[in-house]
Amino acid sequence: MPSLKDLHAFLEALSPLSLQESWDHCGLNLGSLNMQYKHLIISLEATMQLAQQAPDHSVILTHHPLFFRPFKTFNSSVYPYNVAQILIQKSCALLAWHTNFDKTHLNAYFAKILGFENLCTDGMALVGAIAPTLLETLAKGVQDRLKLPYVRYVSASPTISTIAIVCGAGCGYLQELTSVPENLCLITGDIKHHDGMAAKSMGISLIEVPHYESEKYFAPLMADLLTPLALNPQLFDCQGVFGIHVL
């Protein structure tokens, strides 16, 4: 059986854990690096359905960590401990490759989906100049490429000449900026009201994409990168948690 330690070492070389954000909890979430496994499942995150369907002695490789916050009580009746309990009972392990993988692979892949390449890394974002484009035109392009029923945006300037892209929830990038490029638009997910207020006060426009739609490429992308290991992983599509009703 393959060794979890060998898989962990390959992932560490691919996307070092040292690159993760300070608040993140990447790497080994459940299990022991000394264990061996029979199955590999790759998913955006570990859901109850995944835990119930996973065979014994599986490794679950996710983008989102199962545990984001320290805990004092392991209450198996609530998420994420109900998921963890099932995985533990099945002798499964869980690895998460999150913000470090965003920086090395997923941001660039998502940017390419949106039609942008040759951007430069700036903290947690990819940033680059574009031909001056109306914000509404840019938002419509994002909507069309992702096949979304609508997108929300915050307008600080009618014309955009610099873009920043962060898949997932990336408004933390606003706090990283020491200087603001002229006519900047940040494309990211999970934008809150006060994120919008802060961005507009800084002269930064925003385009919001759904969290899931910006990161759903994780599983197939990771599977391709693991091809040299010949592991034959199973890809699990956890789907987004939100439905949309448009009048």
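Biologist: In this predicted model, with which residue does Arg-152 form a salt bridge?

Modeller: Arg-152 lies in strand E7 (residues 152-154), and the pair links distant parts of the chain, 56 residues apart. The closest N and O atoms of the two partners are 2.7 Å apart. The partner of Arg-152 is Glu-208.

Biologist: Does Glu-208 count as buried or exposed, and at what relative accessibility?

Modeller: Glu-208 is placed in strand E10 (residues 205-208). Buried means under 20% relative accessible area. Glu-208 therefore counts as buried, at a relative accessibility of 16%.

Biologist: How many residues apart in sequence are the parts that Glu-21 and Lys-103 tie together?

Modeller: Glu-21 and Lys-103 form a salt bridge, with their closest N and O atoms 2.6 Å apart. Glu-21 lies in the loop between helix H1 (4-14) and strand E1 (27-30), whereas Lys-103 lies in helix H4 (residues 99-113), so the parts tied together are 82 residues apart.

Biologist: Which residue forms a salt bridge with Lys-140?

Modeller: Lys-140 and its partner both lie in helix H5, four residues apart, which is about one turn of the helix. The closest N and O atoms of the pair are 2.9 Å apart. The partner of Lys-140 is Asp-144.

Biologist: What is the approximate area of the nonpolar surface patch that includes Phe-74?

Modeller: Phe-74 sits in the loop between strand E3 (58-62) and helix H3 (81-89). Patches take residues with over 30% relative accessible area, and Phe-74 is partly exposed at 36%. Together with Phe-71 and Ile-88, Phe-74 makes a patch of about 270 Å².

Definitions and conventions:
Residues are numbered from 1 along each chain as its sequence is written. This is a predicted model: local features need pLDDT of at least 70, side-chain atom pairs count only at pLDDT 80 or more; totals for chains, interfaces and linings use all residues. Side-chain values use heavy atoms; hydrogens and water are left out. Patches are made of residues with over 30% relative accessible area and no salt bridge: like charges are joined within 9 Å, nonpolar side chains (Val, Leu, Ile, Met, Phe, Trp, Tyr) within 5 Å. Accessible areas come from the Shrake-Rupley method with a 1.4 Å probe; for residues, only the protein chains shown count as cover. A salt bridge is a side-chain nitrogen of Lys or Arg within 4 Å of a carboxyl oxygen of Asp or Glu. Helices (H or I, at least four residues) and strands (E, at least two) are DSSP runs, numbered from the N terminus. Buried means under 20% relative accessible area, exposed over 50%, partly exposed in between (1.4 Å probe, protein chains only).
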